[in-house]
Every structure is written in C-alpha cells, then in structure tokens.
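Work through these exercises with the model open beside you. Try each task before reading its solution.

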Amino acid sequence: MAIRKQMSRRRTFTLTLLAGIAAVCLAGGIERAAAFRGGFGGFHGGGFGGFGGFHSGGFNGFHSGSFAGGGSRFGDGGGFDRSTDAGFGRDGYGSIRSAGNFSDHADTFRQSHPETQHDADQFQQSHLNDRQNVSQLQQNRSNEANTLQQNRTNEANTLQQNRDREANYLQYNRVNTYNNYAGSWGGYYSGLGFGAGMAIGATLAVLPAAAMAISVAGSSYYYANGVYYAPQGGQYAVVPPPQGAVVNRPPPSCSTVYVSGTAKLDCGGAFYQSVPQGYQVIPPPVGATVTTLPNGAVDENIKGTTYFTFGGAYYQPFYSGSSVIYEVVAKPA
Amino acid sequence: MRRLGGIALASALSASTCLLTAAAQTISPHSGAPAPAIGPPPAIAEQASLQLRQMAAYVGSAEQFTFHADITFDHVLPSGQKLQFSASEDVALQRPGRLYVAWSGDLGDRRFWYDGKSVTLYDPATPFYASEPAPGEIDAMLDKLLPQLNFSPPLADLMYSDPYGRVHSNIQYGFDLGTNEVNGRSCRTFAFVEKDVDWQIWIDPGPQLVPCKLVITYRSLPSQPQFSAVFSNWDFSPRIAAPVFTATLPAGVQKIQFRSVAAAK
C-alpha cells in the first residue's frame with residue numbers, strides 16, 4: 001500500500017517536472033543556460049592531478065583508538081577545527097540553512113587569529129571581483145594604491161605566519177608521532193606526570209645540560225624542557241611543576257586554552273600563564289576546557305558523575321557540539 | 001502565459017523529446033513561442049528555483065527514506081593550508097519523528113539517534129554518550145538542536161519536511177550550469193550564492209527527484225573550506241526496523257551531559 005502510494009507520488013512529480021521543462025523551452029531558459037555554459041569554458045579545467053600523491057602515508061595513525069580520540073589533532077581547537085568534531089555538524093557544518101552561524105564565528109576566529117584576516121580579505125576581494133562587473137580600471141587603480149600598504153601588511157604578517165606555521169608543523173608532526181607510537185611514547189605529551197620518559201619521583205645523578213636553576217617560594221628547583229627537578233640527597237628527583245614557578249620557555253607541546261577570555265597554556269595537564277618574565281605555573285584554571293585528557297588521568301565516579309583527576313584538577317567530560325570535551329571543574333563536594 | 005504555453009507544448013511534443021532537449025542543452029527555435037521579454041535577468045534563474053523546489057518537495061514530502069552520502073570536507077590549519085578528509089554518512093528517516101544518522105570518517109565516527117522523544121549522540125572513540133529530550137517531530141527537533149546543542153547532523157537541510165523553505169530565503173543569486181554527470185548519472189547542476197556560503201547542487205531529473213551531489217563553500221571562513229556530498233542509494237520504500245532509531249550502545253558506555261550553548265558562553 002505504502003509502496004503504491006509512493007509510486008503514484010513519483011508519477012505526479014515526474015509529470016510536474018516534464019511540464020516544468022516544457023515551460024522553460026518556451027521561456028528561453030535553455031538559451032540562458034547555454035550562454036552560461038559558454039561563459040564557463042575554463043571552469044571545469046583540470047589541474048588537480050598533482051594532488052594525487054598527497055595522501056600517501058603519514059595519516060595512518062589517526063585512528064589510534066586513544067581514549068581521548070575526539071581530541072584536536074592539529075593544535076587549533078577553535079570553532080573551525082573539524083578534527084575535534086570529526087566533521088560532524090558542529091555549528092551546523094554540512095548544512096546550507098545554518099550558514100549564518102559561520103559569520104559570527106569567523107569574526108571570533110579573526111580576533112584570535114589575526115594572521116588569517118589578511119587571507120580572508122584577499123579571498124573576499126577576489127570573490128567580489130569575480131562576481132561583480134565593477135569598473136576594472138577603477139579597481140586596478142585602487143589595487144595599485146593599496147599595494148604598498150598591502151606589502152607592508154604582508155611583511156608584518158610574515159613573521160607571525162611563519163611562526164604559526166612552524167608551531168603548527170611541529171604540533172602536526174608530534175601528533176602523528178604520538179598517534180603512531182601512542183603505545184610506547186605515552187608519556188611524551190605530559191609534562192606533569194612524566195618527563196622525558198621518567199615518572200615523578202625518578203632520580204638522576206646528573207642534571208640535563210640545559211637545566212636552569214629556579215627558585216620557587218624559597219625552594220630551589222631545576223628546570224629543563226618541561227621537567228622540574230629538586231635536589232634530593234645528592235641527586236635530582238623529578239617533581240611536579242611547582243605552582244608559581246616562572247620559566248623562560250614553556251614545555252614542548254602546549255596548547256592554548258581560553259579561560260574567561262584569557263589565554264593559558266595547557267602543557268600536558270600542567271597549566272601556565274604568560275608573565276613578563278616568562279611563563280608561570282598556575283593551578284588548573286576552573287572553566288578551562290581541553291579536548292584531550294592529560295596522560296595518566298584517572299577516572300573517578302563521584303555521586304554518579306564521571307570525573308577524571310590529574311595534577312590536582314578535576315576534569316568533567318561533556319558533549320560540546322558533537323565532540324567530547326573535558327572541563328576543569330571545582331573539586332566536587 | 002508561460003504556463004499555458006508550457007502545457008500546450010507538452011501536449012504537442014512528446015515529453016521525452018523535450019526532456020532530451022533540455023538535457024542536451026541544444027538551442028532549438030520554438031515556433032509560436034512568445035519571445036522572452038528583455039530585461040534584467042532574474043537573481044535566481046527560473047530553472048534553478050523551479051527544480052530546487054521540486055526536488056525539495058519530493059524529498060520533503062516523503063514519509064520515509066534512506067540514503068548514503070560520500071563526503072569530503074576540509075580542515076583548515078591555522079596557517080591557512082587546507083587538508084581534505086573523507087567520511088560517509090548513512091541516513092534513515094521516518095516522519096514524523098524518527099531519524100538515525102551514522103557518520104564514519106577519517107577524523108572519527110558519530111552515531112545520532114532520534115526516536116521522537118529524545119536525541120542521543122555517541123562518539124565511538126569515547127566511552128561516553130549524551131542524550132537530551134527533544135520535540136516529537138523532526139523539523140522541531142532540528143530547529144532546537146543547532147541553537148541549543150550547537151550541532152546538527154550534516155545534510156540536515158534534506159531532513160526537513162520543507163527543505164526549500166529552509167534555504168531559499170538566503171539565496172542572492174542562482175544560476176543554471178546545465179547537465180553534468182555524477183557517477184554516471186546525468187544531473188542538472190545549479191549554483192547559488194549566499195552571503196556566507198556558495199553552494200552547488202546536482203539534481204537527478206528523475207524518476208526520483210533527488211540530489212546527486214551537493215557542494216558547500218564556506219566563503220566567510222578562512223581559506224574557504226568546502227563540504228561536498230555525493231549521494232547514492234536513495235530509497236523511498238525502505239524497510240527500516242524500528243530499533244534502528246533507538247540508541248544502541250556498547251556495555252560500559254556512560255552517559256554524560258551536553259554542554260548547552262548557553263553554558264558554553
């Protein structure tokens with residue numbers, strides 16, 4: 001019965017379509033359509049063949065099956081980081097009707113990534129040029145007048161862009177390495193529970209060459225590459241990052257998290273903020289959200305709610321958009 | 001006038017001849033047809049509007065359907081470099097209030113269930129799912145999903161009972177790119193321009209008036225990422241077992257909360 005109804009509905013639509021096409025034959029729509037095709041002669045041109053080799057290798061590690069597999073793999077974590085939502089519809093991505101959503105977000109993104117402003121403007125500009133039949137001469141003159149200014153902006157942006165690229169490239173490589181070797185390199189990301197492959201409490205006879213002495217609340221520590229050491233019986237013990245410590249360079253592999261609009265660094269579960277002298281270890285900021293848990297986080301069920309604890313912080317998982325995030329919350333009562 | 005002329009023509013010519021003519025994009029004089037009035041071309045080409053509306057009515061009025069879509073989408077690095085990833089999406093829909101979406105992709109999978117009472121989302125890479133009460137009908141559910149939970153299943157436009165009504169008001173320009181092949185099917189192609197997105201749709205001329213392909217370009221985002229879907233296996237008489245619309249979760253998976261948009265701000 002349902003099928004018959006369906007079939008009859010299809011016939012109706014087929015007839016409607018035929019009538020519609022007949023109408024366009026009369027109205028000259030075909031001529032218009034043909035004219036459009038003529039004008040788009042170069043539209044379907046090739047030139048994409050060179051990308052064929054792009055996907056060779058290197059990407060195999062994405063499904064590492066890691067517990068926090070929903071995490072950002074590219075170190076951005078912003079609203080457009082499709083790696084955190086796996087492309088599944090955050091902000092309405094993949095739908096037309098919700099396009100307006102991306103307007104607002106684009107503004108936010110530009111504020112936090114000023115280096116892309118220029119690119120976006122450029123694209124916008126060329127897009128308008130393509131579509132509108134504005135006087136080309138006028139446009140050219142404006143372009144010329146703007147060139148100096150643009151070049152200056154470009155130069156100013158180049159350093160920043162290069163830095164970002166470098167940072168991103170490092171992050172990207174690290175992520176791949178991490179994914180490929182997740183089993184054996186589990187501690188690589190964590191500056192807190194593990195450092196350079198050593199658990200907190202491990203002792204060394206000799207400090208790394210790069211270690212620098214720091215003083216925190218009257219106690220002496222040594223810091224090298226994200227790891228803190230305290231003198232202990234003639235040796236040096238690996239200790240958790242002492243809160244208040246200020247170091248000139250943050251540990252490797254940090255991501256930026258925003259708490260109440262302020263940027264903090266999340267370095268494998270140890271949090272830092274920028275201070276005039278360098279980077280200061282701070283308590284895990286309540287309200288910070290991360291897309292991956294620090295390695296070594298332990299789950300704890302408190303009154304029916306799942307939390308993860310690490311470095312004195314409580315992380316509560318949520319679905320934000322279509323992806324799981326972990327928010328630092330106050331210690332549950 | 002045009003409509004009368006169209007009917008007259010349809011009766012004079014065989015319908016298939018006209019269809020062939022339209023598909024082949026040849027220009028043929030139609031004796032007796034009134035010359036088109038000369039004036040500024042409409043912002044949305046007549047055929048673009050008409051066929052989009054017919055496709056939308058066909059899909060939107062269906063009581064149930066399933067389809068498959070092969071997706072590519074761009075992820076933009078902070079440097080502006082675009083990386084393309086793939087996913088596949090399977091959709092099962094029954095009006096008024098049942099929907100299941102399975103998403104499997106390079107960057108992860110998602111399962112989405114809606115049974116007319118609640119929506120459930122599950123990322124199989126995590127031991128967590130979230131569930132939230134939802135309105136009894138798909139349209140209202142989708143309307144609530146995006147503003148309150150900040151996501152909606154990709155291709156949600158096609159899940160509404162009135163897809164045309166959902167998208168047409170934002171269209172600034174629409175034009176006809178003629179007939180092009182998508183996986184061996186000849187589909188009529190239309191391009192639309194909106195404030196924040198450009199999109200292109202390929203529509204199967206029949207017997208099923210369904211989209212063959214959809215490409216969305218997010219113009220207002222840096223590097224203008226694209227989302228593309230190639231559709232297949234449209235079935236309007238599927239036999240869908242009712243349990244499909246109820247969340248099926250592995251043992252040990254824990255329920256966590258959605259962080260609502262209000263809470264996130």
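**Exercise 1. Overall make-up**

What percentage of the 265 residues in chain B do buried residues make up?

Solution. Start with the ground rules. This is a predicted model, in which local features need pLDDT of at least 70 and side-chain atom pairs count only at pLDDT 80 or more, while totals for chains, interfaces and linings use all residues. Residues are numbered from 1 along each chain as its sequence is written, chains are lettered from A, and ligands are numbered from 1, in the order in which they are written.

Next, apply the burial cut-offs. A residue is buried if 20 or more other C-beta atoms lie within 10 Å of its own, exposed if 12 or fewer, and partly exposed in between, with C-beta atoms placed from the backbone. By that count, 43% of the 265 residues in chain B are buried. For chain A, the figure is 34% of 333 residues.

Then list the elements. Helices (H or I, at least four residues) and strands (E, at least two) are DSSP runs, numbered from the N terminus. Chain B has six helices and 12 strands. Chain A has six helices and 17 strands.

**Exercise 2. Confidence**

State the mean pLDDT of chain A and find stretches under 50.

Solution. pLDDT is the predictor's confidence in each residue, from 0 to 100. The mean for chain A is 63, and 46% of its residues reach 70 or more. Residues 113-120 of chain A stay under 50. The model still gives that stretch 16 contacts beyond four places in sequence. Two residues are in contact if their C-beta atoms, placed from the backbone, lie within 7 Å. Residues 122-135 of chain A are also below 50, with four contacts beyond near neighbours in sequence.

**Exercise 3. A strand with two partners**

Which strands of chain B pair with β4(B)?

Solution. Two strands pair if DSSP finds at least two bridges between them.

1. Locate β4(B) at residues 108-114; five of its seven residues are buried.
2. Take β3(B), residues 98-105. Seven bridges join it to β4(B) in the antiparallel sense. B:Y100 has B:W113 as its bridge partner. Two residues separate these strands in a hairpin.
3. Take β5(B), residues 118-122. It runs antiparallel to β4(B), with four bridges. B:Y114 stands opposite B:V119. This hairpin has three residues between its strands, and B:G116 in the turn has a positive phi of about 90 degrees.

**Exercise 4. One face of a helix**

Why do the buried residues of α4(B) line one face of the helix?

Solution. First check the length. The expected span of a helix is 1.5 Å times one less than its number of residues. For the 12 residues of α4(B), 138-149, that gives 16 Å; the end C-alpha atoms are 15 Å apart, which agrees. Now list the buried residues: B:I138, B:M141, B:L142, B:L145, B:L146 and B:L149. Seen down the axis, they fall within an arc of 120 degrees, so they line one face. The arc is that of the directions from the helix axis to the C-beta atoms. After the helix comes B:N150, with a positive phi near 65 degrees.

**Exercise 5. An open sheet**

Give the strand order of the five-stranded open sheet in chain A.

Solution. The order is β3-β7-β6-β5-β4, with antiparallel pairing. The edge strands, β3 (203-204) and β4 (212-216), each pair on one side only. Within the sheet, β5 (residues 219-224) and β6 (residues 227-232) of chain A share three bridges. A:A224 has A:V227 as its bridge partner.

**Exercise 6. A proline in a loop**

Where does A:P250 lie, and which residues does it contact?

Solution. A:P250 sits in the loop between β8 (246-247) and β9 of chain A. It counts as partly exposed because it has 19 C-beta neighbours inside 10 Å. Leaving aside neighbours within four places in sequence, A:P250 contacts A:L265, A:C267, A:Y272 and A:Y279. Its C-alpha atom is 8.6 Å from that of A:Q280, 30 residues apart along the chain. Follow the chain onward: β9 (residues 255-259) and β10 (residues 262-267) of chain A run antiparallel, joined by five bridges. A:T256 stands opposite A:L265.
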